[in-house]
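Student: I'm new to this structure and would like a close look at one part of it, the place where the two chains meet. Could you walk me through that, and then show me how it sits with the rest?

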Amino acid sequence: MVPTLAFACAAVLASFSSVDALWPLPTGLSVGSTALRLSQSFDITVDVQGAPDDLNAAVNRTKSQLWNDKLERLVVGRGSVDADAISNAAELTSLTISLADGATVRSISEEAIDALESRDDSYTLSIPETGSGAVLKANSTLGLFRGLTTFSQLFYYYNDNVYTIEAPIDITDKPAYPYRGLMLDTSRNYFPVEDLERTLDAMSWVKINNFHWHVVDSQSFPLQIPGFTDLAEKGAYSSSMVYTPDDVSHLVSYAAERGIDVIVEMDTPGHTAIVSEAHPEYVACAGSAPWASSANEPPAGQLRFTEPAVVNFTADVFTALSKMFPSKLLSTGGDELNINCYDQDEVTQGTLNKTGKTLEQALDSFTQATHSALAQAGKTPIVWEEMVLDHNVTLSNETVIMVWISSDNVAAVAKKGFKIVHSASDYFYLDCGGGGWVGSSPSTNSWCDPFKTWQKSYTFDPTANLTAEESQLILGGQHLLWTEQSGPENLDPTVWPRAASSAELFWSGPALTNVSSALPRLHDVAYRMRQRGVKAISLQPLWCALRPGACDVSA
Amino acid sequence: MVALASLLALAVTLFPAGVQCLWPQPSSIASGATALKLSPGFYIQPDVSPPPADLLAAVAQTELYLRTDNMQRLVLGRGAYDISSVQSAKTLSSLVLSLESGATVESISTEAVKALGSRSEGYTLTVPANGSAATLKANSTLGLYRGLTTFSQMWYEYDGQIYTISAPYDIADSPAYPYRGFMLDTARNYFPVTDIYRTLDAMSWVKINTFHWHITDSQSWPLIVSQYPELAQYGAYSSADVYTPTDIQNIVSYAAARGIDVLLEIDTPGHTASIADAHPEYVACNQATPWSTFANEPPAGQLRFTDPAVRNFTASLLSSVAKTLPSSMFSTGGDELNINCYTYDNQTQAELNSTGLTLEESLSVFTQTTHGALIAEGKTPVVWEEMVLDHNVTLANDTIVMVWISSADAASVADKGFRLVQAPSDYFYLDCGGGGWVGDYPAGDSWCDPFKTWQRAYTYDPLANLTATQIPLVLGGEQLLWTEQSSPTNLDPIVWPRAAASAEVFWTATSPGGGALNVTEALPRLHDIRFRMVQRGVNAIVLQPLWCALRPDACDLNA
């Protein structure tokens, strides 16, 4: 018995680094080295009184994934090396999911859109190696959903068997940060609803819980907003390249059922040239040339925020948007305001002269008006970092700031006491490194070169240069895709599996991340994504993926 | 009439800005500003007797593209503003294909695999504005095929009408360079045959005529060789990740019918670790660690070329594969030979001692043996630049050398008098800029950073630093995809439309006016071919926001 025990012990020790299946890595995990396969009659029992429909649907999706993923283990010989172990394995017949005593039964969809810091994603999952029932428990259906996601990643496929070689498995898991996001810009180029659905699916597989939807910008206005339908009618790329209220409602539900809150952004007062298609009088420097004098990219055009009519219009649009999106969070943007645009705009200058206000004072009035419309609708505003670092506007204390220009600016925002979502271009911009896209410019590279590898994002330190107290302001972070050079054709390969790296960083926390041990798991989740129909790219030759560590720099 | 005539003249002079549909730009083109629509009964009449089956297939494919591209013009309104002129336009009922008198009728497939320099790809295409039949003439079916490709790009769709607004067309076109290629590595990651077919389709749309297939490497050996089945049996990623002899024949036929020659590369003597899975005795430093001492990337492993058995095996392997292929070219690779691998290999050192040869002398013997086997099969060997710049091997004078390390090396290769293909990493590598892929190396960037934009590739000067007498040595060039970070999931987006840039550089070479190619002029046309590729099922990426694509030049740097 002693040699066997010692062997088992060694296996457990070694296995912490050999759990290639899970992404993000659970914060508490112990595994064994015993094979266990799913019984043909395997079922998931929902032991929840009045189980909500979206929980039952999640259970059904999980069962479908278990049998249909057909992911062979990434080792030389693939599943065949496990054949003997599988044939002797005990059979798992059930997973029982239940809520902790006294927990209120609510739907996943309700819990997913609770205020950020009040969501409970935690769960415990126990899978004995004996074949007796596996158990998943949580305080919320949202936590059960996270646990189901984990469960569905544990199993490999070989020769009609669905199995793990790492039973028993005991997991106690919860996220390090409440905000784990992905931002997509659907204005530079349009993405059909099915692309967004597929993206939401992939996000849910790595426990990303916020879809930051940069839905409109200067190039196009695809969002149909009730009461303001002329914006999309005149500003969408075409009558078919729109998101109808039904599309939005569908996507919001689709996301929420998968534990994802949809945070819409209508960027203001910059990035609004397209509003001029419907309301030319609301937009300064619309389409002015050279664009480089009035905007960071073509076309130029910014809301005339000095005008009371524009202030009212914008506030009313935000009120209407608030009704379309149930999230507690809504972003008013606020990046890259071009001052020259207003310096040259006679309407703006006339109003400033008349009112005796400075441009910054007018911006403050505008921001307070739009943010107070949000507050009345029960929303917490989100803004880009310039609103606190470059401008002199009054923001409510709970305003959430997204730091994008540079990770170096995080500390400055924290000094001002605001909550922060990491979105730094130097770590998390998925569009960098593809070369310049502006025309007539043969030798330009991407403004945010180089390409941000998954390793770069993964090794980001969320609390760098922050005091312990300031560190409490960090809500989490996200990858972002600006779509000047992206469309449906390259959405998946540009985003996946890279965006999974921030998902793990902000779920598992920096203490658990290790770029060397992460790679085999990232291969695993990328291959599983492909099995599920998402075109995640290969990070290495398959030769390397099958030989963990063999292609490391010093191997 | 005077007013009308001067209007027409104006339109013609305005052209290249007006015609945004053709890629590569024909070497000579005149076009007008008259709308012309296809008759619902439009047909292509191959006036060639007897018409080869692949020409008939190309005609049918062209007719299908015309009906199904559904490509709307890239302007505000997408064709809505064209519709009134289209409604009153003349109707084109047919395109008549014929060979110049005296031309021998051969199949496209036969013409496509002739030796470089002996293929005839030129054609003339006339599309009158008055509705009388369009005519396409060439000296070969291959030329007719190129003309059909051009014709299929001329048409837009709106509200059920298939039309051009740029009639009449008069095109006399032929390529500036005989070699216009694309290289794909199917060893780092495997690509199913369907992906290769789709890639060949897209290549043919931009008149690329050579598929350089880097089929094996150290990571995997997907090629099933009838005489050496053990190589793929042990060296392929799986029994499904292989190219059977039938697959190879199908791909070669599919390519040839589309005017594309398949240049197969079996890289030797480096990049051959995967041979060790079947023949460990043939491979030095197989999977030796640390890999960086023995190879540029993992896994290490190179053929023991000092060993007569390895020489004979390699020569026999190459000739057994080459003899099944119609191309007149075959690449033996020859890049990135790691000397350290042999320095530490006891067997190599023993053989060098017993023969008294230096490693370089032995490499020359090996190369002469393998090239001799290929030459005996009627093939012209192709090698990477190191074989002439870094090593001292004897090569046949007609050997073709691919320059990859740097564009600056082309002149050195030319100095040695060899014909060359421009494949420089600093312009044409499609895999650069995606970050480092080696593990445990968070700060690693791509070795050939930055990303090579289409603009970068497009502004490449194939003749830079060459003397007038060296210029004829430049056969053309190609963009290349090494697939450490690519697989079927990102093949299309990483290749298209970027690889169209070199296709135009080596077809058109200079603007029809004789000046240098110009990225500003090219962008609207590149948008156009990109959108057409998407309509045909290739996931080519957007180059700009659609806002820009619909407004030519509005997103230029100084607009």
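Tutor: Let's start at the interface and then work outward into each chain. Keep in mind that this is a predicted model, so everything below is computed from predicted atoms.

Start with the overall picture of the meeting place. On one side, 57 residues of chain A are in contact with 60 residues of chain B. Together the two chains bury about 4600 Å², and 59% of that is on carbon and sulfur atoms. Within chain A, the residues that lose the most area to chain B are A:Glu489, A:Trp543 and A:Val553, which together make up 15% of what that side buries.

Hold on to A:Glu489, as it turns up again right away. The count of salt bridges between chain A and chain B is one. Its partners are B:Arg530 and A:Glu489, with the closest N and O atoms 2.9 Å apart. Polar contacts are another story: the rule finds 28 residue pairs in polar contact across the interface, both residues being at pLDDT 80 or more.

Which elements of chain A give two or more residues to the side that touches chain B? They are helix 18 (454-458), helix 22 (515-531) and helix 23 (542-545). Helix 22 gives the most, with four residues. Sorted by class, that side of chain A has 26 nonpolar, 22 polar and nine charged residues.

Now let's step off the interface, but stay around helix 22 and helix 23 for a moment. The loop between those two helices of chain A holds A:Arg532. A:Arg532 forms a salt bridge with A:Asp69, and the closest N and O atoms are 2.8 Å apart. A:Asp69 sits in the loop between helix 2 (53-68) and helix 3 (83-87) of chain A, so this pair ties together parts that are 463 residues apart in sequence. Both ends of the bridge, A:Asp69 and A:Arg532, are buried.

That pair belongs to a wider set, since by this rule the count over all chains comes to 40 salt bridges. Two examples from chain B make a nice contrast. B:Arg73 pairs with B:Asp82 in a salt bridge, the closest N and O atoms being 2.7 Å apart, and both residues are buried. B:Glu106 forms a salt bridge with B:Lys114, again with the closest N and O atoms 2.7 Å apart. Here, though, B:Glu106 has 25% relative accessibility and counts as partly exposed, and B:Lys114, at 25%, is partly exposed too. Back in chain A, salt bridges also link up into a network, made of A:Asp185, A:Arg188, A:Asp217, A:Glu297 and A:Glu484.

Next, the region that a record singles out. UniProt, in an unreviewed entry, lists residues 177-509 of chain A as "domain: Glycoside hydrolase family 20 catalytic". The end C-alpha atoms of this span lie 7 Å apart, and the span is 39% helix and 15% strand.

A:Leu329 gives you a look at one spot in chain A. A:Leu329 lies in strand 12 (residues 329-333) of chain A. Is A:Leu329 buried or exposed? With a relative accessible area of 8%, A:Leu329 falls under the 20% cut-off, so it counts as buried. Leaving aside neighbours within four places in sequence, A:Leu329 is in contact with A:Leu116, A:Ile263, A:Thr380, A:Ile382 and A:Val400. Take A:Ile263 from that list: A:Leu329 and A:Ile263 are 66 residues apart in sequence, yet 5.8 Å apart in space, C-alpha to C-alpha.

Over in chain B, UniProt places the feature "active site" at B:Glu336, also from an unreviewed entry. B:Glu336 lies in the loop between strand 12 (329-333) and helix 11 (339-343) of chain B. At 23% relative accessibility, B:Glu336 counts as partly exposed. Not counting residues up to four places away in sequence, B:Glu336 touches B:His271, B:Asn296, B:Gln302, B:Glu386 and B:Trp404. One of these, B:His271, has its side chain joined to that of B:Glu336 by a polar contact of 2.8 Å.

Let's finish with helix 19 (residues 499-507) of chain B. Nine of its nine residues are buried, so helix 19 of chain B is largely enclosed by the rest of the structure. Among them are B:Glu504, B:Phe506 and B:Trp507. Just after this helix, B:Ala509 takes a positive phi of about 65°.

Definitions and conventions:
Residues are numbered from 1 along each chain as its sequence is written. Chains are lettered from A and ligands numbered from 1 in the order in which they are written. This is a predicted model: local features need pLDDT of at least 70, side-chain atom pairs count only at pLDDT 80 or more; totals for chains, interfaces and linings use all residues. Side-chain values use heavy atoms; hydrogens and water are left out. Contact means heavy atoms within 4.5 Å. Buried area is the accessible area (1.4 Å probe) that two parts lose on being put together, summed over both. A salt bridge is a side-chain nitrogen of Lys or Arg within 4 Å of a carboxyl oxygen of Asp or Glu. A polar contact is a pair of N or O atoms within 3.5 Å; within protein, one must be able to donate a hydrogen and the other to accept it, and residues adjacent in sequence count only if both atoms are side-chain atoms. Ala, Val, Leu, Ile, Met, Phe, Trp, Tyr, Cys and Pro count as nonpolar, Asp, Glu, Lys and Arg as charged, and the others, Gly among them, as polar. Buried means under 20% relative accessible area, exposed over 50%, partly exposed in between (1.4 Å probe, protein chains only). UniProt positions are given in the numbering used here, feature names are shortened, and annotations may be inferred rather than shown by experiment.
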